[in-house]
Amino acid sequence: MAMIAPAYPHLNDAVERAVGEMLRVQHWGTQTFVSTPIFYPSGSPVTVRVSPAEGGFRIDDGGFAYRELESVGFERSFASAADKARQSESLDRDRRCLFTYADAEQLSRAISDVALASWNVADRVFKRIADQEERDIEEYLRGRLVSIFGASNLEDRQTISGSSTNPWDVSAIIQIDGHEVVFQAVSDHANSVYRTSTAFHDLAALPHAPKLISVVKDKASMGRKLIMLSQAGRVIQSDQADVDYLKAAA
């Protein structure tokens, strides 16, 4: 006998409302804008513009990825990042937009392809910026640790294995009275945060776990990502006083 799924009107209504808020469509004259549940680094939703064209539709990203890069002074990186992002989706680009053409049957796929490629453009450039920020924090951090704890307590090695036996690269390892303290420079890019969180949870599961300290440039700019780091260990700003470093490592 066929099973009939029970009806949950409150659940169904709630899910439908949530999906409606995730995906929004706005019509402006001959153009339609589709806001997707994918987000640029700024927090703005990736939005695709659809307009009529000969034989179907033109689908483009409205130049929004370009504006993301322009907001941080990296608009000159758009061309190279867009060329890499568009190849896998067979898209075209001009100076500021990623675009393609499609008929009605291909429209949903084209909207998805343009949205994903536009997100990839912004993410690729912001990740490069974040990687440089992480290197800058690490270089500054190691100098601070030498001045605070002494060069003899800063280990040369920057790799430590966790409970899973996976080796993790870290910014610095300090020895204090026979105990290890691990410092990790973290940028505000999601990849940096997720990697540090994963590594620290693995290290925390060791029988004799080291002290774990994330070092960020600006706590306020981390947003909710700061919560994830705080769950994995202590978090300090790189420019905090020496006494804060000592307290974190104690």
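## Leu23 and the patch around it

Leu23 sits in the loop between helix H1 (9-22) and strand S1 (24-28); helices (H or I, at least four residues) and strands (E, at least two) are DSSP runs, numbered from the N terminus. With a relative accessible area of 45%, Leu23 is partly exposed. On that scale buried means under 20% relative accessible area, exposed means over 50%, and partly exposed is in between (1.4 Å probe, protein chains only). Leu23 also joins Leu11, Val15, Val19 and Met22 in a nonpolar surface patch of about 440 Å². Patches are made of residues with over 30% relative accessible area and no salt bridge, with like charges joined within 9 Å and nonpolar side chains (Val, Leu, Ile, Met, Phe, Trp, Tyr) within 5 Å. The accessible areas come from the Shrake-Rupley method with a 1.4 Å probe, and for residues only the protein chains shown count as cover.

Keep in mind that this is a predicted model, where local features need pLDDT of at least 70 and side-chain atom pairs count only at pLDDT 80 or more, while totals for chains, interfaces and linings use all residues. Residues are numbered from 1 along each chain as its sequence is written, and side-chain values use heavy atoms, with hydrogens and water left out.

## The six-stranded sheet

Right after Leu23 comes strand S1 (24-28), which belongs to an open sheet of 6 strands. The order here is S1-S2-S3-S4-S6-S5, with antiparallel pairing. S1 and strand S5 (92-93) are the edge strands, each pairing on one side only. Two strands count as paired if DSSP finds at least two bridges between them.

S1 and strand S2 (residues 31-39) run antiparallel and are joined by 5 bridges. If you want a spot to look at, Arg24 has Ser35 in S2 as its bridge partner.

## The four-stranded sheet

There's also an open sheet of 4 strands, in the order S9-S10-S11-S12, and its pairing is mixed. Its edges are strand S9 (172-176) and strand S12 (234-237), each of which pairs on one side only. On average, neighbouring strands of this sheet are turned by 25° against each other, direction ignored. Axes are lines fitted to C-alpha atoms, for helices over the stretch in contact, and angles run from 0 to 180 degrees between N-to-C directions.

Strand S10 (residues 179-186) pairs with S9 in the antiparallel sense over 5 bridges, and Ile176 has His179 in S10 as its bridge partner. The hairpin of S9 and S10 has 2 residues between the strands, and Asp177 there takes a positive phi near 50°. S10 and S11 run parallel, joined by 6 bridges; one pair of bridge partners is Gln184 and Ser214 in S11. S10 is largely enclosed by the rest of the structure, because 6 of its 8 residues are buried.

## Helices across the sheet

Helix H4 (residues 107-149) lies across S9, S10 and strand S11 (211-216), running at about 145° to S10. Helix H5 (residues 190-204) lies across S10 and S11, at about 165° to S10.

What does Ser197 touch, leaving out residues up to four places away in sequence? Ser197 is in helix H5 and touches Met228 and Ala232, where contact means heavy atoms within 4.5 Å. Ser197 counts as buried, at 8% relative accessibility.

## Salt bridges

The structure holds 10 salt bridges, each a side-chain nitrogen of Lys or Arg within 4 Å of a carboxyl oxygen of Asp or Glu. Asp83 and Arg93 form one of them, with the closest N and O atoms 2.7 Å apart. This pair links distant parts of the chain, with Asp83 in helix H3 (residues 78-87) and Arg93 in strand S5, 10 residues apart. Asp83 is partly exposed at 23%, and Arg93 is partly exposed at 30%.

Back in H4, Arg109 and Asp113 meet in a salt bridge (2.9 Å, N to O). The two are separated by about one helical turn because they are 4 residues apart in helix H4. Arg109 is exposed at 56%, whereas Asp113 is buried at 12%. Helix H4 also holds Asp131 and Lys127, 4 residues apart, whose closest N and O atoms are 3.1 Å apart in their salt bridge. Elsewhere, Arg49, Arg58, Asp60 and Asp94 are joined into one network by salt bridges that share partners.
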